[in-house]
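Here is a short walk through one protein model and its ligand. Keep the 3D view open as you read, and pick out the residues as they come up.

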Amino acid sequence: MTAALALAAKGFRVVVLEKAERLEDVGAGLQLSPNASRILVELGLKDRLGSRAVTPEAVSIMSTRAGGELMRLPLGAAATERAGAPYWVVHRADLQAALAAAVADHPDVDLRLGGTFEDVAAHAKGLSVVYRSGTLRRSEVASALIGADGVWSTVRQHLFPDVQPRFSGLIAWRGTFEATQLPKEYTSRRVQLWMGPNAHLVAYPIASGRQINVVAVVPGTWNRPGWSTPGDLSEVMDAFPAARWPGPARMMLTAVDSWRKWALFTLPDGVGWSKGAIALAGDAVHAMLPFAAQGAGMAIEDAAVLAEHLSGNATESAASIAAALARYGRAREARVRRVQRTARQQGRIYHLAGPFALARDLAIRALGPERMLARQDWIYRWRA
Ligand SMILES: Cc1cc2nc3c(=O)[nH]c(=O)nc-3n(C[C@H](O)[C@H](O)[C@H](O)COP(=O)(O)OP(=O)(O)OC[C@H]3O[C@@H](n4cnc5c(N)ncnc54)[C@H](O)[C@@H]3O)c2cc1C
């Protein structure tokens, strides 16, 4: 939907095919750093999103080895000023609802729920995009097709059938609890990152601060695709034993009312971005580990860059569209690859144990908040 709005803002007419029949409350929290929030603000989503999004005051970096907080990185107004856009934490459903409302208001975007993309063929007039709607098979003629259909992308399958998502060996457990359930010190407007041996935990407020979103990442072998497999509290707690994990971290885990587990799949680096008049965006081309909190952020950036390149096109011939989409891929490749690498490295750092964890904690303390924040500038201060 971000890509649709960005393209419509450049004067294109966009049909969005979404296989879900209804836009539901799937997923959990998302951190939207300034590189992403800036684009959403420019698309006019500030008021729709701002009332539901929370601007955290800080990120608390916590270590089980140290037994508590190692460092507090200021966010809030300081981060907004530094990067020129807010750092938001939102429920994925709130982002989806804000985008859907903007799409509904836009005369040039046509969202077709229950429209499952199936096939595409090139011909003299452009592309015939075939999709299923209920029992009907329909077709739409288009100048270009953007596959923003997630890690299990059917569009990618069509373009690059040999590329397959790989299970990372890690499982993310996700859940929420009502902020009133725990004392204020656990539920303040902070992002808490708890690092421990072989596991980590992230918690932050969403839904105007009424709920706390919790993500616990642990190694495992369960690897079924999907976003909403129910999980069992005792299984989560096994990965966060009292012998290693301080009470406050475990307290948040037990406060969650229902857990969902999500096997983390990634795509190999260097998946092709486009072929002819068909391009990929978001997880369909660069599904990454979530440890830099940039998967959705990169998808949102893709949308802005894609619209920029397509709009700069002198003609709408198939060749010039293909050239514009190829330029879009070249413009995105190096940055996305660096973010993918950063996410992998951060995961390894979070899960260190023993003397390596001690070295990590000392290094973080030695860096200090200012230099830690400066290390994020290349991500947060990016502009399309
Ligand atoms: C534990 C965890 C925490 C995360 N935290 C963050 C974070 O803090 N910040 C951040 O930026 N990112 C985060 N991410 C990553 C983020 O969730 C994804 O990168 C993001 O959702 C990708 O967006 P997308 O639009 O590319 O794909 P998706 O969100 O997967 O959307 C794809 C859409 O395509 C539809 N679709 C699929 N196939 C078809 C078809 N054939 N026809 C029509 N429609 C179809 C699907 O129904 C879906 O609506 C996290 C991920 C995980 C697992």
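## G297 and helix 11

Start with G297, which sits in helix 11. The model is a predicted one, and in it G297 has a relative accessible area of 4%. Because buried means under 20% relative accessible area, G297 counts as buried.

Now look for P34 in the same view. G297 and P34 are 263 residues apart in sequence, yet their C-alpha atoms are 8.9 Å apart in space. G297 also meets the ligand: one of its backbone N or O atoms lies 2.9 Å from a ligand oxygen atom.

## Around the ligand

Two further backbone contacts are worth finding. F117 places a backbone N or O atom 2.8 Å from a nitrogen atom of the ligand, and a polar backbone atom of K19 is 3.1 Å from a ligand nitrogen atom. On its own the ligand has 1,000 Å² of accessible area, and the protein covers 85% of that.

How many residues surround the ligand? There are 27, and the closest are E18, Q31, R92, F117 and D283. Sorted by class, this shell holds 12 nonpolar, nine polar and six charged residues. At least two shell residues come from each of these elements: strand 1, strand 2 (29-32), strand 7 (115-123), strand 11 (166-178), strand 16 (259-266) and helix 11.

## Helices 1 and 2

Helix 1 covers residues 2-9, and seven of its eight residues are buried, so the rest of the structure largely encloses this helix. The buried ones are T2, A3, A4, L5, A6, L7 and A8. What do they pack against? Their partners are strand 1 (14-18), helix 2 (34-42), helix 5 (92-105), strand 6 (109-113) and helix 11 (295-311). Just past the end of helix 1, G11 adopts a positive phi of about 100 degrees.

Helix 2 is mostly covered too, with seven of its nine residues buried. P34, met above as the partner of G297 in the distance check, is one of the buried residues of helix 2, along with N35, A36, S37, R38, I39 and L40. After helix 2 comes G44, with a positive phi near 85 degrees.

## Nonpolar cores

In soluble globular proteins, nonpolar side chains tend to be buried together. Here the largest nonpolar core has 88 residues, and the members that touch the most others are L201, V214, F240 and L253. Helix 11 gives the most to this core, with seven residues.

F240 is a good one to click on. Setting aside residues up to four places away in sequence, F240 touches A199, H200, L201, A216, V218, W245, R250 and L253. There is also a second, separate core of 33 residues, with I61, L73, M195 and A292 among them.

## S60 in strand 3

Is S60 buried or exposed? This residue of strand 3 (residues 58-63) is buried, with a relative accessible area of 0%. The side chain of S60 makes a polar contact with the side chain of E69 at 2.6 Å.

If neighbours within four places in sequence are left out, the contacts of S60 are E69, M71, R72, R190, V191, Q192 and L193. E69 therefore appears in both descriptions of this buried serine.

Technical notes. Residues numbered from 1 in each chain as written. Predicted model: local features only at pLDDT ≥ 70, side-chain atom pairs only at ≥ 80, totals over all residues. Heavy atoms only, no water. Buried < 20%, exposed > 50% of the residue type's maximum accessible area, 1.4 Å probe, protein only. Helix = DSSP H or I, 4+ residues; strand = E, 2+ residues; numbered from the N terminus. Contact = heavy atoms within 4.5 Å. Near = heavy atom within 4 Å. Polar contact = N/O pair within 3.5 Å; in protein donor to acceptor, adjacent residues only side chain to side chain. Areas by Shrake-Rupley, 256 points an atom, 1.4 Å probe, with all protein chains shown as cover. Nonpolar A, V, L, I, M, F, W, Y, C, P; charged D, E, K, R; others polar. Core = buried A, V, L, I, M, F, W, Y, C linked by side-chain atoms within 4.5 Å.
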